[in-house]
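The following exercises concern one protein model and are to be solved in order. Each task is followed by a worked solution.

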Amino acid sequence: MEPGDIIQMVKDSGLRGRGGAGFPTGMKWGFLPPDDGGPRYLVVNADESEPGTCKDIPTMLSAPQILVEGVAITSYAIGCNHAFIYVRGEVTHVYRRLLQAVREAYEAGHLGKNIHGSGFDLDVTVHAGAGAYICGEETALLDSLEGRRGQPRLKPPFPAVAGLYARPTVVNNVESVSSVPAIIDRGVEWFTAMGTERSKGMGIFSLSGHVNRPGQYEAPLGITLREPDRHGRRHA
Ligand SMILES: Cc1cc2nc3c(=O)[nH]c(=O)nc-3n(C[C@H](O)[C@H](O)[C@H](O)COP(=O)(O)O)c2cc1C
């Protein structure tokens, strides 16, 4: 597939960012200015620290390979040769797991120079942040990644125009990027068959507190607590 076809597919899928604001992912990728020969970056926001939020960390613990695959596909689509995953430093076990997954991907030839003879190069850096809630805000995260104290930048310019090292940058949440491989593999129709009219696909829901079966559940967006799962069980 050509990079533009992947961007179009993600636009058609209706995937919206899972980092909070729900911005359409394919549209965000399409905002990058045309290639000027200089670097452009993908930065994965893995800073998850909202109280009660616990979706990206379990994903990265159980299946970091999906995120790495999503990073490779997204980078190819937007023309990025160096991607970063910014993870909270406190979650050392997740950091180690990501490092291992990235190492394995290099060894298998899924990352590095001329990936599987495609002519596409990609390096992935896993960066451990020092741990500050504000560093989850995308421009504070970029300052932190550049080695400064993480404080939000004034916008505009938006990261798409002047992000990491003042170069065009896409910042996407872990779950957003991890949704991409399945969309490419199973297709737009599969993805759009789930969800609501304005928000397609599935999401990861954390159930905690006074519920019968606390845990992490992946389910179509728009599902209610009253709806039983495919085993006929209710979770609340
Ligand atoms: C105070 C604050 C904290 C945030 N924390 C996170 C976070 O931990 N993870 C995240 O993905 N987005 C967080 N965001 C949203 C990001 O700024 C950004 O919108 C998001 O990473 C974009 O990814 P998406 O388009 O894939 O959703 C935060 C925003 C604010 C204002």
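**Exercise 1. A buried charge and its partners**

Is Asp143 buried or exposed, and what is its relative accessible area?

*Solution.* The model is a predicted one.

Step 1. Asp143 has a relative accessible area of 10%. The cut-off for a buried residue is under 20%, so Asp143 is buried.

Step 2. The side chain of Asp143 meets that of Arg148 in a salt bridge, with an N to O distance of 3.2 Å. Arg148 counts as partly exposed, at 47% relative accessibility.

Step 3. Arg148 also forms a salt bridge with Glu146, where the closest N and O atoms are 2.8 Å apart. Glu146 has a relative accessibility of 21% and therefore counts as partly exposed.

Step 4. A general principle applies here: side chains of opposite charge can pair when their charged atoms come close.

**Exercise 2. The surroundings of helix H6**

Explain why helix H6 (residues 138-145) is described as largely enclosed by the rest of the structure.

*Solution.*

Step 1. Seven of the eight residues of H6 are buried, so the helix is largely enclosed.

Step 2. The buried residues of H6 are Thr139, Ala140, Leu141, Leu142, Asp143, Ser144 and Leu145.

Step 3. The cover over these residues includes E1, E2, E3 and strand E4 (169-173).

Step 4. Just after H6, Gly147 takes a positive phi of about 100°.

**Exercise 3. The nonpolar cores**

Identify the residues of the largest nonpolar core that touch the most other members, and state which helix gives this core its largest share.

*Solution.*

Step 1. The largest nonpolar core has 43 residues, and Trp29, Met60, Leu67, Val71 and Leu122 touch the most other members.

Step 2. Among the elements that give two or more residues to this core are helix H1 (3-13), helix H4 (64-78), strand E2 (82-88) and helix H5 (92-107). The largest share, seven residues, comes from H4.

Step 3. Consider Trp29 in detail. Apart from neighbours within four places in sequence, Trp29 is in contact with Ile6, Ile7, Val10, Thr74, Ala77, Ile78, Val170, Asn172 and Val180.

Step 4. A second, separate core has 10 residues, including Phe84, Tyr86, Leu145 and Val171.

Step 5. The general background is that nonpolar side chains tend to be buried together in soluble globular proteins.

**Exercise 4. A salt bridge between distant parts of the sequence**

Which parts of the chain does the salt bridge between Lys55 and Glu175 tie together?

*Solution.*

Step 1. A search of the whole structure finds 12 salt bridges. In the one between Lys55 and Glu175, the closest N and O atoms are 2.9 Å apart.

Step 2. Lys55 lies in the loop between E1 and H3, whereas Glu175 lies in helix H7, so the pair ties together parts that are 120 residues apart in sequence.

Step 3. Both Lys55 and Glu175 are buried. A network of salt bridges links these two residues with Arg18 and Asp56.

**Exercise 5. The interface between the domains**

Describe how domain 1 and domain 2 meet, beginning with their bounds.

*Solution.*

Step 1. The chain is divided into domain 1 (3-187) and domain 2 (194-236). Their centres, taken over C-alpha atoms, are separated by 26 Å.

Step 2. At the interface, 10 residues of domain 1 are in contact with 10 residues of domain 2. The two domains bury about 780 Å² between them, 43% of it on carbon and sulfur atoms.

Step 3. Arg16, Arg18 and Glu175 supply 47% of the area that domain 1 buries against domain 2, more than any other three residues.

Step 4. The rule finds zero salt bridges across this interface, but six residue pairs in polar contact.

Step 5. Leu221, in the segment after strand E6 (215-220), is buried, with a relative accessible area of 17%. The contacts of Leu221 include Arg18, Gly195, Met202 and Phe205. The C-alpha atoms of Leu221 and Gly203 are separated by 5.8 Å, although these residues are 18 residues apart along the chain.

**Exercise 6. A buried threonine**

Where does Thr25 lie, and which residues does Thr25 touch?

*Solution.*

Step 1. Thr25 lies in helix H2 (residues 25-30).

Step 2. With a relative accessible area of 1%, Thr25 is buried.

Step 3. Not counting residues up to four places away in sequence, Thr25 touches Val10, Leu15, Arg16, Gly17, Asn172 and Ser176.

Note on methods. Residues are numbered from 1 along each chain as its sequence is written. This is a predicted model: local features need pLDDT of at least 70, side-chain atom pairs count only at pLDDT 80 or more; totals for chains, interfaces and linings use all residues. Side-chain values use heavy atoms; hydrogens and water are left out. A nonpolar core is a set of buried Ala, Val, Leu, Ile, Met, Phe, Trp, Tyr and Cys residues joined through side-chain atoms within 4.5 Å. Buried means under 20% relative accessible area, exposed over 50%, partly exposed in between (1.4 Å probe, protein chains only). Helices (H or I, at least four residues) and strands (E, at least two) are DSSP runs, numbered from the N terminus. Contact means heavy atoms within 4.5 Å. Domain bounds come from an automatic or database domain assignment. Buried area is the accessible area (1.4 Å probe) that two parts lose on being put together, summed over both. A salt bridge is a side-chain nitrogen of Lys or Arg within 4 Å of a carboxyl oxygen of Asp or Glu. A polar contact is a pair of N or O atoms within 3.5 Å; within protein, one must be able to donate a hydrogen and the other to accept it, and residues adjacent in sequence count only if both atoms are side-chain atoms.
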